[in-house]
Amino acid sequence: MYKLSEIMERAEQLAPNQPQFHQAVEDVFHSVVPYINEQEKYQNHALLEQLLVPDRIIEFRVTWQDSEDNMQVNRGWRVQHNNALGAYKGGLRFHPSVDLDTFKFLAFEQTFKNALTGLPMGGGKGGSDFDPKGKSDADILRFCQAFMLKLSNYIGPKQDVPAGDIGVGSREIGYLFGAYKQISGVFNGVLTGKAPGSGGSLIRKEATGYGTVYFLEAMLAHQDKELKGLTCAVSGAGNVALYTVEKLLQKEAKVITVSDSDGTLLCQSGFTSEHLEAIKTNKQVERGRLKDLADSSKDFEFKADTKPWQFNCDVAIPSATQNELNEEDAKALHENKVVYVVEAANMPLTSAATAYMVENKVVVAPSKAVNAGGVAVSGLERTQNALMQSWSSDKVDKELKKIMQDIHQACIEFGEEEEGINYIKGANLAGFIKVADAMLFQGIS
Ligand code: NDP
């Protein structure tokens, strides 16, 4: 019999000073421990102990010369958490705040998220403390080449297939792919998120955001409700946030906020598609700041150092980063009548915020289910690369929608309770069972 407190003590012993990793582990094992204690087949195989330790951690120095001829040193990591279901798969993050703890939490989450997609993918995550913000294209290129020189030995289409994440968008994936090709001499599906002309899939850049909205629609449909007319507060203004907003607008929801690390851009009347185009130009083309947009239109207000959780909304969609929504924010959202919190970023709620929401009957849809659309279309990109095909956007979008609906169904199957659907439990159990069954089948994973 497992006890959550004992397995968490073990996590602390094995990985001291890794609070984000512990938070992710506790979130999953909180659902899994009561279940596993009633299922004989999962006992006596040390499954939870195995999942506490990644298969492999690659940690390296990235030395590169910037365009002013200064030598720069950054750190790089790749955490290959579990490949019971397939080659490791998960993004690369470039952000100055990251450390091994960040990647261990993200890789752990990724294993269960990838399981939920139903595609044959294990879980991994990696990146660097390099900060791309404000760097020239030339410096980004130099860094990406140096980073790939260190990583290339450990990845491959059948081994480990990275993609983008915070700070790693289409430009960085392009430079990383170019570097890999030069080092290895082969053109293959080693990375996903490539441009369509270089073996990328249509709809990949939109997939996480669109998938988030497809999941939300499935939640609403389950309660005979629709998205049209609901007020949504979104945080972030990156890949996930902007394509979430795009799909919300297509579905005639009212979106009142996006944000970046300087504050929140508020549009009380709801953003239009013209507004969204202006935000995309600011972020994706000019690599600018949201506060500059507020000066360009009287429709916007910029609230410096303010999160989007201070405004009345039906749906909150945190889409920026981990632990961005704390207990105080949860209270504010509750006072502002929020009904659904849909986690588009990875682990955006602190444990206290989640507990507060659950206590107050706010429905929380967890990231491993909600944002699985990104990695799902990455999985479809791998299939297209292996078959040497390019599918139409319509086909990819249909597949994405189906995958998100299937994930929602799995959450219902494993999360149904008297008071309604417990999406956190449903996603954790549905993901865990797939991984655990594969581990058992393979003996020692
Ligand atoms: P991007 O780098 O494209 O965008 C991140 C956005 O979040 C930026 O607007 C950034 O603002 C903002 N942000 C980052 N940190 C903070 C912070 N501490 N406070 C406020 N705003 C912040 O990243 P993505 O959109 O790709 O990723 C967002 C989240 O979604 C992450 O949790 C990621 O792991 C997750 N995710 C991404 C997937 C993908 O396909 N890209 C797939 C699944 C999950 P600023 O520019 O000021 O830093």
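Is glutamate 172 buried or exposed? I will start there, then go to the ligand, and finish with some loops and one helix. Keep in mind throughout that this is a predicted model.

Glutamate 172 sits in helix 6, which runs over residues 170–184. Its relative accessible area is 3%, and the cut-off for buried is under 20%, so glutamate 172 is buried. Along the chain, glutamate 172 is 80 residues from leucine 92, and the two C-alpha atoms are separated by 9.8 Å.

Now the ligand. There are 23 residues around the ligand, and those that come nearest are Asp165, Thr208, Ser261, Arg289 and Asn346. By character, the shell divides into six nonpolar residues, eleven polar ones and six charged ones.

Where does the ligand lie with respect to domain 1 and domain 2? Domain 1 covers 4–186 and domain 2 covers 205–361; both give residues to the shell, so the ligand lies between them.

Let me go through some contacts to ligand oxygen atoms. From the side chain of lysine 133, an N or O atom is 2.9 Å from an oxygen atom of the ligand. Arginine 204 also uses its side chain, with a polar atom 3.2 Å from a ligand oxygen. With alanine 237 the backbone is involved: an N or O atom there lies 2.9 Å from an oxygen atom of the ligand. As for cover, the ligand on its own has 890 Å² of accessible area, and the protein covers 82% of that. Three elements give two or more residues to the shell: helix 7 (204–222), helix 8 (239–250) and strand 7 (254–260). Arginine 204, from the contacts I just listed, has the number at which helix 7 begins.

Next, backbone angles. Most residues other than glycine have a negative phi. Which residues go against that here? One is asparagine 323, which is not a glycine and yet has a positive phi of about 55°. Asparagine 323 is in the loop that connects strand 10 (315–317) and helix 11 (327–335). With 27% relative accessibility, asparagine 323 counts as partly exposed.

Methionine 347 is another, with a positive phi of about 45°, again without being a glycine. The loop in question here is the one between strand 11 (340–342) and helix 12 (351–359). Is methionine 347 buried or exposed? Methionine 347 has a relative accessible area of 8%, so it is buried.

That loop between strand 11 and helix 12 also holds glutamate 343. Glutamate 343 is buried too, at a relative accessible area of 7%. From glutamate 343 to aspartate 224 is 119 residues in sequence and 21 Å in space, taken C-alpha to C-alpha.

Two side chains with polar contacts come next. Glutamine 20 belongs to helix 2, residues 19–36, and counts as buried at 15% relative accessibility. What does the side chain of glutamine 20 contact? It makes a polar contact of 3.0 Å with the side chain of glutamine 322.

Histidine 275 is in helix 9, residues 273–285. Its relative accessibility is 10%, so histidine 275 counts as buried. A polar atom of the histidine 275 side chain is 2.9 Å from the backbone nitrogen of threonine 272.

For a residue with some exposure, take aspartate 55, in the loop between helix 3 (47–52) and strand 1 (56–65). Aspartate 55 has a relative accessible area of 32%, which makes it partly exposed. Asparagine 83 is 28 residues away from aspartate 55 in sequence, and the C-alpha to C-alpha distance between them is 8.0 Å.

Last, helix 14, residues 372–387. How far does helix 14 reach from its first C-alpha to its last? The helix has 16 residues and spans 23 Å, close to the 22 Å expected at 1.5 Å a residue. Helix 14 is mostly covered, with twelve of the 16 residues buried. Among the buried residues are Gly373, Gly374 and Gly379, together with Val375, Val377 and Leu380. The buried set also includes Glu381, Arg382 and Gln384.

To come back to the main point about the ligand: it lies between domain 1 and domain 2, since both give residues to its shell. That is what I have for today.

How values were computed: Residues are numbered from 1 along each chain as its sequence is written. This is a predicted model: local features need pLDDT of at least 70, side-chain atom pairs count only at pLDDT 80 or more; totals for chains, interfaces and linings use all residues. Side-chain values use heavy atoms; hydrogens and water are left out. A residue is near a molecule or strand if one of its heavy atoms lies within 4 Å of it. A polar contact is a pair of N or O atoms within 3.5 Å; within protein, one must be able to donate a hydrogen and the other to accept it, and residues adjacent in sequence count only if both atoms are side-chain atoms. Accessible areas come from the Shrake-Rupley method with a 1.4 Å probe; for residues, only the protein chains shown count as cover. Helices (H or I, at least four residues) and strands (E, at least two) are DSSP runs, numbered from the N terminus. Ala, Val, Leu, Ile, Met, Phe, Trp, Tyr, Cys and Pro count as nonpolar, Asp, Glu, Lys and Arg as charged, and the others, Gly among them, as polar. Domain bounds come from an automatic or database domain assignment. Buried means under 20% relative accessible area, exposed over 50%, partly exposed in between (1.4 Å probe, protein chains only). The expected span of a helix is 1.5 Å times one less than its number of residues.
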